[in-house]
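Work through the exercises below with the sequence and the 3D structure open. Try each task before reading its solution.

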Amino acid sequence: MNRLQSASDLEKLRKQILSKRDPKKPCIVICSGTGCIASGCEKVSVAFQEELEKQKLMDKVDIRTGGCPGFCERGPIVVVQPEGIFYQLVEAKDVAEIITETVLKKKVIDRLLFTDPQTGKKIVLEKEVPFYKKQKRILMDSNSLIDPAKIEDYLAIGGYSALAKALFEMKPEEVIDSIKRSGLRGRGGAGFPTGTKWEICHKAKGDLKYVICNADEGDPGAFANRGLLEGNPHSILEGMLIGAYAIGSSEGFVYVRHEYPLAVKNVKIAIDQMRELGLLGKGILGSKFNFDIKVVQGAGAFICGEETALMASIEGKKGEPRQRPPFPADRGVWGKPTNINNVETWANVPLIVNNGAEWFANIGTAKSKGTKIFSLVGKINNTGLVEVPLGMPLKEMIYDIGGGIPKGKKLKSVQCGGPSGGCIPADSISVPIDYEALKELGAMMGSGGMIVMDEDTCMVDTAKYFSKFLLDESCGKCMTCREGLERLLEITTDITEGKGKMEDLQTLAELGSLVKEASMCGLGQTAPNPVLTTLRYFRPEYEAHIKGSCPAKVCKALISYHIDPERCTACGLCMKNCPADAITGKKGMVHIIDQGKCIKCDTCYDVCPEKFDAVRKISGEPAPRAVPQGTPIKKREAKQ
Amino acid sequence: MKTKDAESNVSRPSQEEGGADIGGMEKTVDLILKDHDYDRSSLISILLAIQERFNYLPKEALKMVAQKLKIRLIDTYSVATFYQVFSLTPRGKHIINVCDGTACHVRGSPRIIDKLKEKLNVETGCTTADMKFTLETVRCLGCCAMGPVIVVDGNYHGKLSLSKLENVLSNYN
């Protein structure tokens, strides 16, 4: 393709691409995000390719390996267009049938449809799936409309028209003003107004300025950025170009974490294509605007999501944060003014430029505008990426979109905002999701991880897990963070092991607030949140541990396993699978756990078939005395 | 801080490629450095490329990088030990990464890790005596819906159970 020399070149190319496309031509869209790759979508893609070749349909049917549509739980996902028929859990063996029945004869294959667990009804169309119905997908929708490796696809849905509009119809100040009026706030966690940030950097003195896309999505349980990077990298890059134009920057970086290999690959492909078309480099679209982007990979350090640590990492140093001020807008990478925004923030920019600030400001609440992508994970029926208007009650997201808690269990808490976010208790879930409301509850928006926990999750164990995580990831620069977290972990560990004392709870609270106040960067300032919020909302659970029982029956030191002699059928599964040889039994005889040998690995509980349900977890009391060896099993009635 | 026992590792004589063929290593390192325009700020990418080629960061290669980029060895070393992906000891033929992100954690990744430790008889971050497997944990792979997830040699295996784990491992010899 030739370099584009003007906005009209871009439009010409777009028309040319569209003229070759027939919206009525059948197209099989296969999700190829990392989630679906983990469930085997690559085999499905190959099978479609082979089957179309075999049936000589290559020019009659298109295949598109699209980005993540979000419903990872049901992957591999295949959507047959133009009808929008939604198939889930597709395997290679289903492929021939999809082509002959659905694509050619327009017949729906019943068994591949999604069944609404609430109504028991089968759902045919993608847009009718309850998971999608209540979402507002201004960012995510494009993921399934394009192949992320094809810039033509992005151009076909209007790609880079916002860039052309900004370059030729708006002054940099006007772009900044538009972003300010839209009310867009940083999607990386803190929620700083994006337009104001740009304005500060725009006004900063310096001939060389940098813009950075923070794609170091390190929060465990958050993968919203991954979904965008893999599925629609051009939207992010277009946002960066517009931002760079507004700020007056000529160089940019995308800092992607190493754990997202597909994201790195897709962003690099996108950058190469942009360069080829003249959307990067000197004189973009024939204007006077010069800009280039470099991809920098992280190397597995959570702290590099913090902006000053990230910038140190870009300079090739270890990722240690530094004191602010000076803020990056004054002194960032190599001492130059730098503007850094999160992936999702950048992706919103072209939409705002194209649709106007007012359109964006109409979505959301008074102070939190637009949509936000959350990764809804943990103990939830419909796991995946969910994009909702800010202000939606958390409850709606969990029950209407997420489909509630699996196996009829009770919701206990939603952990929100990454490891240093907070745990929101079940009785507060009517709260609207926005920056302020979450903060009030002791949690935060963070990068949008929503980890749902049910009654089987131990909150003290959860606090321990996050403290361990943050201790490992603390860079060690501030004493309060380095040593304080170590002590928090020590105390929570003691409590989970039944060695806690009541006065420990006071110490946790005092130490936690000290670490918060005296640490330099965002990591230390928020690291005690998991301990503090669990202590605030789940104090009785801490107290129960200190008294010797783990109500969720998770903490190994406080539980024991027992086989109910009334229910054991001597099937032998537990004995066969026990890694510690702690279970004895014979055919027809009740199986017995040797408490001395048991390592509490949960295997017997897991393998005991649900219909027998003979293995019991006990906490807070000693395991009942085992029946004597050789006790015959109870004869069950035939019906059972 | 990263609790990597790097001190003792780096003083070990470099094995295989390193000890036997320093010249070959130098050529490879040169090519990688050239690819990165001998740019100091690309140190992390350079080390990633070296690790991809040699499966770990040989001591000799670190020395070459420091010398050729004109940075102090200690600064190269500090970067190599700060970031979790770098290994200063040779790693196994197959690298197992167990995701221990929050979603995988609540869905049972600790049991997967325990099982692997027991089966392979290694601690996390270590390599089996026959150099076949290295067991590592990773913070979050971002495929939380498929948890617990492990990645072996870049291949994702989702919704793992202890019994599925056996099948997965048997594919890697």
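**Exercise 1. Confidence**

Over which residues of chain B does pLDDT stay under 50, and how many contacts beyond four places in sequence does the model have for them?

Solution. This is a predicted model, in which local features need pLDDT of at least 70 and side-chain atom pairs count only at pLDDT 80 or more, while totals for chains, interfaces and linings use all residues. Residues are numbered from 1 along each chain as its sequence is written, and chains are lettered from A and ligands numbered from 1 in the order in which they are written.

- Step 1: pLDDT is the predictor's confidence in each residue, from 0 to 100.
- Step 2: the stretch under 50 in chain B is residues 1-19.
- Step 3: for this stretch the model has 24 contacts beyond four places in sequence; two residues are in contact if their C-beta atoms, placed from the backbone, lie within 7 Å.
- Step 4: among the elements of chain B, helix α1 (residues 6-10) has the lowest mean pLDDT, 39, and helix α5 (residues 59-69) the highest, 96. Helices (H or I, at least four residues) and strands (E, at least two) are DSSP runs, numbered from the N terminus.
- Step 5: chain B averages a pLDDT of 86, and 88% of its residues score at least 70. The model scores ipTM 0.85 and pTM 0.91.

**Exercise 2. Domains**

Find the domains of chain A and of chain B.

Solution. The bounds come from an automatic or database domain assignment.

- Step 1: for chain A the assignment gives domain 1 (19-129), domain 2 (159-361), domain 3 (371-454), domain 4 (459-546) and domain 5 (559-619).
- Step 2: the C-alpha centres of domain 4 and domain 5 of chain A lie 35 Å apart.
- Step 3: for chain B the assignment gives domain 1 (6-82) and domain 2 (94-167), and their centres, taken over C-alpha atoms, are separated by 28 Å.

**Exercise 3. A mixed sheet in chain A**

In which order do the strands β1, β2, β3 and β4 of chain A lie in their open sheet?

Solution.

- Step 1: the order is β2-β1-β3-β4, with mixed pairing. Two strands pair if DSSP finds at least two bridges between them.
- Step 2: β2 (62-66) and β4 (85-87) of chain A are the edge strands, each pairing on one side only.
- Step 3: strand β3 (residues 78-81) of chain A runs antiparallel to β4(A), and three bridges join them. A:Val78 stands opposite A:Tyr87 in β4(A).
- Step 4: helix α3 (residues 41-54) of chain A packs on the sheet, touching β1 (27-31), β2 and β3, and its direction makes about 160° with that of β1(A). Axes are lines fitted to C-alpha atoms, for helices over the stretch in contact, and angles run from 0 to 180 degrees between N-to-C directions.
- Step 5: helix α4 (residues 95-104) of chain A lies across β1, β3 and β4, at about 35° to β3(A).

**Exercise 4. A parallel sheet in chain A**

Describe the open sheet that contains β7 of chain A.

Solution.

- Step 1: its four strands lie in the order β9-β8-β7-β10, and the pairing is parallel.
- Step 2: the edge strands are β9 (292-297) and β10 (338-342) of chain A.
- Step 3: strand β7 (residues 210-215) of chain A pairs with β10(A) over five bridges; A:Cys213 stands opposite A:Asn341.
- Step 4: helix α14 (residues 343-355) of chain A lies across β7 and β10, running at about 95° to β10(A).

**Exercise 5. Two helices**

Why does the pair α7(A) and α11(A) count as roughly parallel?

Solution.

- Step 1: helix α7 (residues 161-169) and helix α11 (residues 233-247) of chain A pack at about 10°, with axes 9 Å apart.
- Step 2: that angle makes α7(A) roughly parallel to α11(A), since angles under 35 degrees count as roughly parallel, over 145 as roughly antiparallel, 65 to 115 as roughly perpendicular and the rest as oblique.
- Step 3: A:Ala162, A:Leu163, A:Ala166 and A:Leu167 in α7(A) meet A:Glu238, A:Leu241, A:Ile242 and A:Tyr245 in α11(A).
- Step 4: these residues divide into seven nonpolar, no polar and one charged. Ala, Val, Leu, Ile, Met, Phe, Trp, Tyr, Cys and Pro count as nonpolar, Asp, Glu, Lys and Arg as charged, and the others, Gly among them, as polar.

**Exercise 6. The interface**

How many residues of chain A are in contact with chain B?

Solution.

- Step 1: 43 residues of chain A are in contact with 36 residues of chain B.
- Step 2: the largest share of this side of chain A, four residues, comes from α2(A).
- Step 3: by class, the side of chain A has 16 nonpolar, 19 polar and eight charged residues.
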